[in-house]
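Me: I would like to go through a structure with you, beginning with how its elements pack. Could you take my questions as they come?

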Amino acid sequence: MTELTNTEHSSSSIRSYVDRNKILLAGLLGVVGNALGVVADLASGYSLEGAANVTTAFSVLSLQNLSLFLASKPPSQVVFGHYLAILGIPLGLFGLWQVYQAIRPAGWLLSRTAWFVGVFTYIIGTVFHSTFAFITFGIQAADTVPPAGEQTMRTMLDRFALVFELLAVLMVAGLVVALGLIFVAIAFRETHYPRWFALANPLFIQGVTGAVAYIAPLEARIFLIVTAYNLSLVVFFALSTVLLRNSRLHTRTTPRIETV
């Protein structure tokens, strides 16, 4: 009997060790993925030319504001940022999965909705970032086209805007819903996080960086604006990983009862 109890205890300890390492690895991959997204943001979108209209993170979601801003971007940087975003940003899903595991006690419906909306938002965000290359090259081509082709290029850019800006709206809407649900879970429900961690929500971080950008010098302002979304997620996943490093959090289904 004692031997059986010791075996069960050993098995439980091993499972807890494996689960904890899975949680930590997921968080680290999330940090790496969105950090690559920050680098991709800078490669694809950082520019001091024509930056007068770029005053908030929402500014980079409008093609009209981006036209002068991206006109001088070197093609090599644009291509580098394009592929880095495609390869890097999806790794952020591991960080989102870590957060989902930590908020599961808040309720099946709340945690699953945050997870599913968050996954779709990551997909939309990756697609959105990948359009920057085509938008940038279209803007640069429009600046060099002969007068006879100006109307054609203007029509093309108008159609670009229709796709680009609607995609931006979908991305922001998904981001607000997913992060809003995560905030509610951490602030008002039982989770594996302390309550104060609700204030580290990326929506709050973006608000802080936006306020700092408003009064910062031009170079810092453009950096904070261009990287706003990915940078806030890097901070969020890093703090989440630190807080969960010693948590007894199981990643597989257990017989515990979860709140609806």
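**Helix packing and surface**

Reply: A starting point is the pair H4 and H9, which cross in a left-handed sense. Please note that the model is a predicted one.

Me: At what angle do helix H4 and H9 pack, and how far apart are their axes?

Reply: Helix H4 covers residues 92–103, and its packing angle with H9 is about 45°. The two axes are 10 Å apart.

Me: How is the arrangement of H4 and H9 classed?

Reply: H4 and H9 count as oblique to each other, because an angle that is neither under 35 degrees, nor over 145, nor from 65 to 115 is put in that class.

Me: Which secondary structure elements does the protein chain contain?

Reply: The protein chain has nine helices and zero strands. In sequence order the pattern reads α-α-α-α-α-α-α-α-α.

Me: And what share of the residues is buried?

Reply: The protein chain has 260 residues, and 46% of them count as buried.

Me: Back to packing. How do the axes of H7 and helix H9 cross?

Reply: Helix H7 (residues 202–215) and helix H9 (residues 228–244) have axes that come within 9 Å, with a crossing angle of roughly 125°. H7 is therefore oblique to H9. The crossing of H7 past H9 is right-handed.

Me: What about H7 and helix H8?

Reply: Helix H8 spans residues 218–226, and its axis comes within 8 Å of that of H7. The crossing angle in this pair is roughly 155°. Because angles over 145 degrees fall in that class, H7 is roughly antiparallel to H8. H7 passes H8 in a left-handed crossing.

Me: Changing topic: which residues form the nonpolar patch on the surface?

Reply: The patch consists of Val79, Tyr83, Ile86, Leu87 and Phe137. Together these residues have about 470 Å² of accessible area.

Me: Which helix gives the most to it?

Reply: Helix H3, residues 75–88, gives the most, contributing four residues to the nonpolar patch. Leu87 lies in this helix, H3.

Me: Why does Leu87 count as exposed?

Reply: Leu87 has a relative accessibility of 67% and so counts as exposed, because the class begins over 50%.

Me: Is Ala85 buried or exposed?

Reply: Ala85 also has its place in helix H3. Its relative accessibility is 0%, so Ala85 counts as buried.

Me: How far is Ala85 from Ala43?

Reply: The C-alpha atoms of Ala85 and Ala43 are separated by 9.7 Å, while along the chain the two residues are 42 residues apart.

Me: Then Leu63. Where is it found?

Reply: Leu63 is found in helix H2, which covers residues 63–70. With a relative accessibility of 4%, Leu63 counts as buried. Measuring from C-alpha to C-alpha, Leu63 and Ile139 are 9.3 Å apart in space and 76 residues apart in sequence.

Me: Finally, where is His192 found?

Reply: His192 is in the loop between helix H6 (150–188) and H7.

Me: Why is His192 classed as partly exposed?

Reply: The relative accessibility of His192 is 27%, so it counts as partly exposed, because that class lies between the 20% and 50% limits.

Me: How far apart are His192 and Ala106?

Reply: In sequence His192 and Ala106 are 86 residues apart, and in space their C-alpha atoms are 9.2 Å apart.

Terms used
Residues numbered from 1 in each chain as written. Predicted model: local features only at pLDDT ≥ 70, side-chain atom pairs only at ≥ 80, totals over all residues. Heavy atoms only, no water. Patch = residues over 30% accessible without salt bridge, like charges linked within 9 Å, V, L, I, M, F, W, Y side chains within 5 Å. Areas by Shrake-Rupley, 256 points an atom, 1.4 Å probe, with all protein chains shown as cover. Salt bridge = Lys/Arg side-chain N within 4 Å of Asp/Glu carboxyl O. Helix = DSSP H or I, 4+ residues; strand = E, 2+ residues; numbered from the N terminus. Buried < 20%, exposed > 50% of the residue type's maximum accessible area, 1.4 Å probe, protein only. Axes fitted to C-alpha atoms, helices over the stretch in contact; angles between N-to-C directions. Left-handed = near helix turned anticlockwise from the far one by under 90°.
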